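Open the model in a viewer and keep the selection panel at hand. The stops below say what to select and what is found there.

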Amino acid sequence: MAPTENDIAIVGFAQTAPDRRTQLTEADLVLHATRAVMADIGLDKSEIGFTVSGSCDYLSGQAFSFVQNTDAYGMVPAINESHVEMDGAWALYEAFVRLLQGDIDVAMAVGVGKNSNSDPSTLYTIEFDPYYLTPLGTDTWSLAAMQARALLESGKATERDFAEVVVRNRANAKSNPYAQVSGDFSIDELLAADYVRNPLRLHDLPPTTDQAAAIILARGKRAYDLCDRPAWITGIDHRIEAHLPTVRKDITTSVSTRLAAEGAGAGKAPIEVAEVHAPFGFQELIVAESLGLDASTEINPSGGALASHAVMVAGIIRIGEAANQITKNGKNRTLAHATSGPCLQQNLVCVMEGDQ
Amino acid sequence: MADTVQEFVFNLTFPFTRTLGSTLSTFSSALAQGQIIGVRTGGRVIAPPLEYDPDTAADTGTDWVRVGPKGTVSTWTWVPEPTNLHPLDHAFGFAFITLDGADTPMIHLVDAGSESAMSAGMRVEAKFKAPGDCVGRIDDIIAFVPAADPSLSEGAGEPFEAPEENDITEMDAYCDLTYVDNASPTTTMWAKALMEGRLIGQKCPQCARTIVGPRGMCSVCAIELDESHVIEVADRGVVSNFTIVTPVQYHGQTETEPFVRCSIMLEGADAVIAQQEILDIPASEVRVGMHVECVWAPESERSVEDIDNRSRGSGGDAILGWRLTGEPDEPAELYLDRMM
């Protein structure tokens with residue numbers, strides 16, 4: 001395509017090696033990811049018109065950690081910067097919107113999370129409804145497990161289907177140099193494990209990961225200075241549902257994913273590769289159905305969020321992986337999905353295309 | 001880098017008193033009396049009630065409905081090992097429970113004895129705390145238990161007459177989270193130097209600025225700095241800025257009298273060391289431009305146990321504070337804009 005000034009592309013993506021327990025700080029991780037992406041495409045920090053990150057103080061337990069993280073940007077002279085308390089995928093959305101203003105042509109989106117400092121079985125109680133859920137210690141594993149149980153009761157999937165998702169993603173992750181969890185497993189072997197939260201077993205849960213990722217976006221013809229084959233964002237949308245999962249009409253489907261996919265124009269042409277952000281393996285089944293994907297789409301060649309799952313980072317990595325399929329792997333049309341909140345509460349869909 | 005990595009365990013605890021607003025006040029006041037209620041909105045009964053209809057965002061109003069105490073499980077899970085935040089100390093279930101008279105489920109515990117007792121469709125009933133222990137919070141219901149009699153709850157679906165004034169309008173809430181951080185390589189270097197009575201910085205090979213305490217990066221050039229960039233800096237300098245803190249007696253505050261925290265530009269450094277204490281003079285006499293020197297704790301009493309990644313640049317218990325050297329002050333305007 002001949003880009004107009006309003007077309008925006010992903011031209012660079014880098015991630016740090018995922019770590020179960022890093023000794024580095026979040027600021028260190030940000031520095032490593034941002035230096036890597038700039039080095040990869042030959043960009044100087046002075047050329048970046050807008051920088052935005054997604055992270056959450058509660059993960060590492062450090063108040064104003066996002067302020068300390070800005071040390072890694074080199075903010076002398078002062079830069080144009082923003083932050084979202086969300087996955088870096090939503091930071092990327094803000095960068096996309098910022099570029100549409102037309103006064104700058106390069107932006108950087110970052111996601112960072114040092115997840116190993118906190119306990120995932122207790123941390124997310126404070127994310128939920130403070131009146132009806134937090135006093136009960138309602139945890140994210142239990143909420144996901146009840147969504148999984150509802151899916152089983154609906155007859156749309158079986159526990160074997162859940163295990164198949166894990167087996168396939170872990171096998172795919174073997175060829176991903178940035179996978180924390182990968183390997184060959186059998187469905188029967190996985191199904192023999194104990195439940196952590198019935199019907200979910202340990203392998204159905206997201207890994208705990210410390211990681212950062214950075215993406216460079218460019219507007220119009222500027223993209224070709226930085227990338228031979230930019231991944232043009234042809235549609236990006238995100239939708240959110242009620243915070244109490246109990247007032248959603250049917251948690252075995254994802255209305256917000258379907259609407260975001262429609263908003264991003266996902267169904268206008270075939271999708272060759274989709275990177276789906278399913279923190280709990282079975283959620284891939286719900287998202288794939290809600291995206292309207294069929295067997296012609298390859299899902300999660302990277303191993304998806306089961307390969308590494310730093311909260312605040314796993315979503316933007318999906319976008320980076322789907323972009324890489326165009327910039328480095330010759331694919332023409334790919335999709336990335338990111339999620340946030342309990343039981344797939346909020347969902348973002350980004351559709352990208354390469355020049356043909 | 002140290003052979004073993006120092007870990008820091010810290011607890012994030014803060015109490016909240018949440019105001020409830022009219023809808024939740026009505027729910028809480030009824031709950032404390034042993035009555036669960038929902039609200040009828042858009043043709044369905046939402047229980048527990050919300051202030052706004054999730055479909056239309058309309059005010060849900062005051063068409064209160066008695067629901068429960070029995071209900072039906074639609075989906076569930078099992079918690080084999082409860083955490084410190086769960087209300088029960090033995091294995092239990094969580095479930096979506098649609099109370100009799102309600103159209104939406106609520107999430108609550110099911111104290112079923114064993115996982116095998118759980119199933120979709122099971123009938124359960126609320127088990128309340130003793131009346132004197134109920135405060136109108138969702139955990140006034142200890143848990144739901146398998147219903148002895150599966151028949152419909154008496155009175156469920158009937159209107160609930162709310163009192164003119166609710167007894168309960170606030171709720172105690174808390175945050176209680178435990179973290180385990182580990183000392184980064186730069187924090188480890190800084191702490192080790194403090195124990196030896198030295199202050200160190202890192203000199204950027206690109207801009208030649210010296211940053212104290214070490215951050216592992218030049219925050220001007222955005223490049224990584226490591227052990228090879230470490231240089232020693234003087235333990236004396238000039239006060240570049242200060243604030244007088246008048247302690248408010250919030251939860252956890254141990255200070256009672258006004259105290260000074262100042263930033264010091266060390267000789268040979270380009271970034272200030274912040275949050276330092278000035279010894280021997282009253283807070284009101286601290287000035288920008290004062291020459292000060294570090295007062296180290298005796299070697300045997302030094303400790304860096306509280307130097308974690310969050311307090312980088314702090315002297316921990318290795319530095320007692322800073323005292324005046326007696327040299328004439330420097331002009332304040334040379335220092336006031338030095339932040340970094």
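**Strand pair at the end of chain A**

Select A:S340 to begin: A:S340 stands opposite A:Q346 in β12(A). This is a predicted model, in which local features need pLDDT of at least 70 and side-chain atom pairs count only at pLDDT 80 or more, while totals for chains, interfaces and linings use all residues. Residues are numbered from 1 along each chain as its sequence is written, and chains are lettered from A and ligands numbered from 1 in the order in which they are written.

Extend the selection to strand β11 (333–340) and strand β12 (346–353) of chain A: they pair in the antiparallel sense over eight bridges. Strands are DSSP runs of E of at least two residues, helices are runs of H or I of at least four, and both are numbered from the N terminus. Two strands pair if DSSP finds at least two bridges between them. The hairpin of β11(A) and β12(A) has five residues between the strands, and A:G341 takes a positive phi near 85° there.

Now add strand β9 (273–275) of chain A, which pairs with β11(A) in the parallel sense over three bridges. A:V273 has A:T334 in β11(A) as its bridge partner.

Is β11(A) mostly covered or mostly open? Eight of its eight residues are buried, so to speak of β11(A) as mostly covered fits. Buried stands for 20 or more other C-beta atoms within 10 Å of a residue's own, exposed for 12 or fewer, and partly exposed for counts in between, with C-beta atoms placed from the backbone. Show the side chains: A:R333, A:L335, A:H337 and A:T339 point one way, A:T334, A:A336, A:A338 and A:S340 point the other way, and all are buried. In a regular strand the side chains alternate between the two faces of the sheet.

**Two helices in chain A**

Select α4 (88–100) of chain A and helix α11 (314–327) of chain A. Their axes come within 6 Å and cross at roughly 60°. That makes α4(A) oblique to α11(A). Axes are lines fitted to C-alpha atoms, for helices over the stretch in contact, and angles run from 0 to 180 degrees between N-to-C directions. Angles under 35 degrees count as roughly parallel, over 145 as roughly antiparallel, 65 to 115 as roughly perpendicular, and the rest as oblique.

For the residues that meet, pick A:G88, A:A89, A:A91 and A:L92 in α4(A) and A:G315, A:I316 and A:I319 in α11(A). This contact divides into five nonpolar, two polar and no charged residues. Nonpolar covers Ala, Val, Leu, Ile, Met, Phe, Trp, Tyr, Cys and Pro, charged covers Asp, Glu, Lys and Arg, and polar covers the others, Gly among them.

**The domains of chain A**

Colour chain A by domain: domain 1 is 8–119 + 207–228 and domain 2 is 137–206 + 232–353, with bounds from an automatic or database domain assignment. Their C-alpha centres lie 22 Å apart. Between them, 34 residues of domain 1 are in contact with 27 residues of domain 2, where contact requires C-beta atoms, placed from the backbone, within 7 Å. On the domain 1 side, α4(A) gives the most, with seven residues. That side divides into 22 nonpolar, nine polar and three charged residues.

**Across to chain B**

Show both chains: the contact takes 44 residues from chain A and 52 residues from chain B. On the chain A side, α1 (26–41), α5 (140–154) and β5 (195–197) give two or more residues each, and α5(A) gives the most, with six. The chain A side divides into 20 nonpolar, 17 polar and seven charged residues.

Next select B:R18, in strand β1 (7–19) of chain B. B:R18 is partly exposed, with 13 other C-beta atoms within 10 Å. Leaving aside neighbours within four places in sequence, B:R18 is in contact with A:P130, B:E170, B:M171 and B:A173. B:R18 and B:A173 are 155 residues apart in sequence and 6.9 Å apart in space, C-alpha to C-alpha.

**A sheet in chain B**

Finish with the open sheet of five strands in chain B, in the order β18-β17-β16-β19-β20, with antiparallel pairing. β18 (273–276) and β20 (319–324) stand at the edges, each with a single partner strand, so one side of each is left without a neighbour in the sheet. Within the sheet, three bridges join β16 (236–245) to β19 (291–296), and B:G237 stands opposite B:V292 in β19(B).

Technical notes
Two residues are in contact if their C-beta atoms, placed from the backbone, lie within 7 Å.
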